[in-house]
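Grab a coffee and open the viewer. Below are some short exercises, each with a worked solution to follow on screen.

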Amino acid sequence: MSNQKKVDSKEAFNLEYTVSPVASSVNPIIYNQELCIGCNRCAQVCQCDILFPSKEKGRHPIVMYPGECYYCGACVMVCPNPGAITLKHPLMNRAKFVPVK
Ligand code: SF4
Ligand code: SF4
């Protein structure tokens with residue numbers, strides 16, 4: 001059995017952390033700081049845990065692992081301020097399939 005202490009998600013949001021954003025060729029999340037109130041709901045709902053709350057109160061979360069996003073859209077749906085967060089889908093997700101005539 002592991003000796004590591006289990007940390008639930010509520011506790012995890014109160015922890016101090018020292019990590020840096022991981023470089024990636026994709027940029028799935030665009031924040032608009034004019035509209036974002038820094039409530040961190042988007043970070044809390046992300047099942048991939050790629051968004052980290054900013055240390056500055058009222059600032060939008062940091063996209064720590066952009067390459068891990070699977071474009072579920074939960075972060076956009078939970079945001080109380082439309083336009084504060086935008087999901088930029090990759091080209092392959094934007095394809096439209098039309099019936100062949
Ligand atoms: S789209 Fe889904 S996986 Fe990507 S950041 Fe938002 S909640 Fe997380
Ligand atoms: S849920 Fe919306 S308002 Fe709240 S931190 Fe995320 S982008 Fe900002």
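**Exercise 1. Which residues does G38 touch, leaving out those up to four places away in sequence?**

Solution. Start with the contact list: G38 touches S54, K57, G58, R59 and H60. Bear in mind as you look that this is a predicted model. Next, place the residue: G38 sits in the loop between strand 1 and helix 2. Now pick one partner and check the backbone. G38 and G58 are 20 residues apart along the chain, and their C-alpha atoms are separated by 4.1 Å. Last, work out the burial class. Buried takes 20 or more other C-beta atoms within 10 Å and exposed takes 12 or fewer. G38 has 17 C-beta neighbours inside 10 Å, so it counts as partly exposed.

**Exercise 2. Work out the overall layout of the chain.**

Solution. Count the elements to begin with: there are four helices and four strands. Then read along the sequence, and the pattern comes out as α-β-α-β-β-α-β-α. For burial, take the 101 residues of the chain; buried ones make up 16% of them. Finish with the contacts that have a separation of 6 or more: 57% of these are between residues 24 or more positions apart.

**Exercise 3. Find two non-glycine residues with positive phi and place them.**

Solution. Take N40 to begin with. Its phi is near 70 degrees, a positive value in a residue other than glycine. N40 is in the loop between strand 1 and helix 2, and G38 lies in the loop between those elements too. With 17 C-beta neighbours inside 10 Å, N40 counts as partly exposed.

Now go on to D49. This residue isn't a glycine either, yet its phi is positive at about 55 degrees. Look for D49 in the loop between helix 2 and strand 2 (51-52). It has 13 C-beta neighbours inside 10 Å, so D49 counts as partly exposed.

**Exercise 4. Is Y31 buried or exposed?**

Solution. Find the residue in strand 1. Then count: Y31 has 20 C-beta neighbours inside 10 Å, so it counts as buried. Next, list the contacts, leaving out residues up to four places away in sequence: Y31 touches C36, H60, A84 and I85. You can also check a C-alpha distance here. Y31 and P61 are 30 residues apart along the chain, and 8.5 Å separates their C-alpha atoms.

For contrast, try S20. It belongs to the loop between helix 1 (9-12) and strand 1. S20 has 7 other C-beta atoms within 10 Å, so this one is exposed. Its C-alpha atom is separated by 9.7 Å from that of V63, 43 residues apart along the chain.

**Exercise 5. Which residues come nearest to ligand 1, and which to ligand 2?**

Solution. Begin with ligand 1. It has 15 residues around it, and C46, C69, C72, A74 and C75 come nearest. Sort that shell by class and you get 14 nonpolar residues, one polar and no charged.

Then do ligand 2. Of its 16 surrounding residues, C36, C39, C42, C79 and I85 come nearest. This shell divides into eleven nonpolar, four polar and one charged.

Now follow a couple of these residues outward. From the ligand 1 list, take C46: it touches L51, A74 and C75, not counting residues up to four places away in sequence. From the ligand 2 list, take C36, which is among the contacts of Y31.

**Exercise 6. Which members of the largest nonpolar core touch the most other members?**

Solution. The core has 14 residues, and those touching the most other members are I29, C42, C46, L51, C75 and I85. Which elements give two or more residues to this core? They are strand 1 (29-31) and helix 2 (41-45). Some names should ring a bell: C46 and C75 were in the ligand 1 list, while C42 and I85 were in the ligand 2 list.

**Exercise 7. Trace what N81 touches.**

Solution. Place the residue to start: N81 lies in the loop between helix 3 (74-78) and strand 4 (85-87). Skipping residues up to four places away in sequence, N81 touches L35, C36 and I37. Check the C36 pair: the two residues are 45 apart along the chain, with 6.8 Å separating their C-alpha atoms. To close, get the class. N81 has 13 C-beta neighbours inside 10 Å, so it counts as partly exposed.

Conventions:
Residues are numbered from 1 along each chain as its sequence is written. Chains are lettered from A and ligands numbered from 1 in the order in which they are written. This is a predicted model: local features need pLDDT of at least 70, side-chain atom pairs count only at pLDDT 80 or more; totals for chains, interfaces and linings use all residues. A residue is near a molecule or strand if its C-beta atom, placed from the backbone, lies within 6 Å of it. Ala, Val, Leu, Ile, Met, Phe, Trp, Tyr, Cys and Pro count as nonpolar, Asp, Glu, Lys and Arg as charged, and the others, Gly among them, as polar. A nonpolar core is a set of buried Ala, Val, Leu, Ile, Met, Phe, Trp, Tyr and Cys residues joined through C-beta atoms within 7 Å. Two residues are in contact if their C-beta atoms, placed from the backbone, lie within 7 Å.
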